[in-house]
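Work through the following exercises with the model open beside you. Each task is followed by a solution that goes step by step.

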Amino acid sequence: MSTTADVLVVGGGIQGCSSALQIARRGLKVALVEKNTAGRHASGVNAGGVRRLLRAAPEIPLSIASMRLWHEIEALVGDDCGFKVSGQIAVAEDEEGLKALEARAAEVQALGFTHEELVGRNELFEILPALSRHCVGGLVARDDGFASPYHTTMAFRRAAIAAGVDLREECRATGFARKGGVWRVETSQGPIEASTLVNCGGAWGGAVAAALGEPVPLEPIAPMMMVTSRMPEFVTPVVIGLQRKLSFKQMPNGTVLIGGGHRGVPDTARELSSVDFQKLVVSARTVADLFPIMRDAQIVRAWSGIESRMPDDLPVIGPSSTEEGAYHAFGFSAHGFQLGPIIGAIMADLVTTGRSALPIEPFRLTRF
Ligand SMILES: Cc1cc2nc3c(=O)[nH]c(=O)nc-3n(C[C@H](O)[C@H](O)[C@H](O)COP(=O)(O)OP(=O)(O)OC[C@H]3O[C@@H](n4cnc5c(N)ncnc54)[C@H](O)[C@@H]3O)c2cc1C
């Protein structure tokens, strides 16, 4: 016998759990299927950066709206999610980098946003006393921060269940057909029928889109992370490299989390990824160049996670172009954690009204 729901969400990452939560809070009956366990993939293993800084222009309104939700995250999901307002700062290492930051600050201001502020050498070293003296300036978003990714995704999962979501883990959606206005989705735990389908499949979201007759040029990637043993407290904000790949933060327990764009090797078929040690060495050198104190750091662990990247580094958010009653939110291109809270609200708006008050047109699937 098939299960019925108003809405079936595929994928139990932050986007799926946040969407299921918000849709259920609008009074609809929601089923959420996750082929592994919730938070098993990108949402549970990412760097936890909660960043508006240096967002692509089309993402800025969404990122700002999501940040408002982050600042009230406890009210949203009943948990602080380890969220800390630390600020985030991008660092220029020479005059060329400083010019790029000046151009960026002017561009963002021209768009009418005020969250990115240029800082010169003096303020840069006040904010980052341990930074190497060769650096010349920075761009800061003072109300940005970081959170704990697995903790956060579990908080959204728990809140979704409390809102009545029927969560099925170890449950893979394998076939999608729509007849008479009703989706019948085959899963490893039997068929589920629902009038609306929401695809939050992450790196596997492209397979769901393809099954709906709208293939996308999604590239699975495997961003990498390293963590050190505890260090004396030396840095408060999250530091972003401008001219070299780096994202860097010291956690409340003193460990330092290093990421920022170097990639390992994804294997979406086996649902695994592996690290590339050569590239981790480059990452470690960058950190030691920018923060001399890190020359004594000990790396204790490294990992990678599977994320989906679109060719323009923007996600796919919005209605299916081929099927009524289907919506997509995938392809977050290595920076979707911060957007998680607002994606749930956007998907709930789309499902219940067919529209979003936020400008999601740049994220339409048909742009490729
Ligand atoms: C190492 C790393 C560092 C990152 N750092 C940051 C950061 O600092 N800040 C930031 O904002 N973002 C960051 N990101 C990106 C962020 O983690 C992702 O953009 C975000 O987690 C994507 O969420 P999601 O729900 O779309 O995907 P996922 O978390 O991958 O969830 C998708 C889920 O769908 C399930 N699924 C797929 N197909 C099916 C199916 N057919 N049936 C059932 N279930 C299915 C999968 O098993 C998966 O659990 C990072 C990513 C990585 C990997």
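Two strands are said to pair if DSSP finds at least two bridges between them, and the elements themselves are DSSP runs numbered from the N terminus, with helices being H or I runs of at least four residues and strands being E runs of at least two. The model is a predicted one, in which local features need pLDDT of at least 70 and side-chain atom pairs count only at pLDDT 80 or more, while totals for chains, interfaces and linings use all residues. Residues are numbered from 1 along each chain as its sequence is written, and side-chain values use heavy atoms, with hydrogens and water left out.

**Exercise 1. Trace the sheet of 8 strands and find its edges.**

Begin with the strand order, which reads β6-β7-β5-β15-β16-β17-β14-β20 in an open sheet of mixed pairing. Next, look at the ends: β6 (117–119) and β20 (299–304) each have a single partner strand, so one side of each is left without a neighbour in the sheet. From one strand to the next the twist averages 20°, where angles run from 0 to 180 degrees between N-to-C directions and axes are lines fitted to C-alpha atoms, for helices over the stretch in contact. Then inspect the pairing of β6 with β7 (residues 137–141), which is antiparallel over 3 bridges and sets leucine 118 opposite leucine 139.

**Exercise 2. Determine which strands helix α5 and helix α9 touch.**

Take contact to mean heavy atoms within 4.5 Å. Helix α5 (residues 95–110) packs on the sheet against β5 (88–92), β6 and β7, and its direction makes about 35° with that of β7. Helix α9 (residues 277–290) lies across β5, β14 (224–228), β16 (247–250), β17 (256–259) and β20, at about 50° to β14.

**Exercise 3. Describe the surroundings of the ligand, starting from the residues that come nearest.**

A residue counts as near if one of its heavy atoms lies within 4 Å of the molecule. There are 35 residues around the ligand, of which Glu34, Ser43, Gly49, Glu307 and Gly336 come nearest. Now turn to individual atom pairs: an oxygen atom of the ligand is 2.7 Å from a polar side-chain atom of glutamate 34, and an oxygen atom of the ligand is 2.4 Å from an N or O atom in the side chain of glutamate 307. For histidine 335, a backbone N or O atom lies 3.2 Å from a ligand oxygen atom. Among the helices, α2 (42–45) and α1 (14–25) each supply at least two residues of the shell, and α2 gives the most, with 3 residues.

**Exercise 4. Analyse the sheet of 3 strands and the hairpin of β10 and β11.**

The open sheet has the order β3-β8-β4 with antiparallel pairing. Its edge strands, β3 (49–50) and β4 (84–85), have a single partner each, so one side of each is left without a neighbour in the sheet. Between β3 and β8 (residues 145–146) there are 2 bridges, and valine 50 has glycine 145 as its bridge partner. In the hairpin, β10 (residues 173–179) pairs with β11 (residues 182–187) in the antiparallel sense over 6 bridges, one of which joins alanine 177 to arginine 184. Finally, the turn has 2 residues between the strands, and glycine 180 there has a positive phi of about 55°.

Note on methods
Polar contact = N/O pair within 3.5 Å; in protein donor to acceptor, adjacent residues only side chain to side chain.
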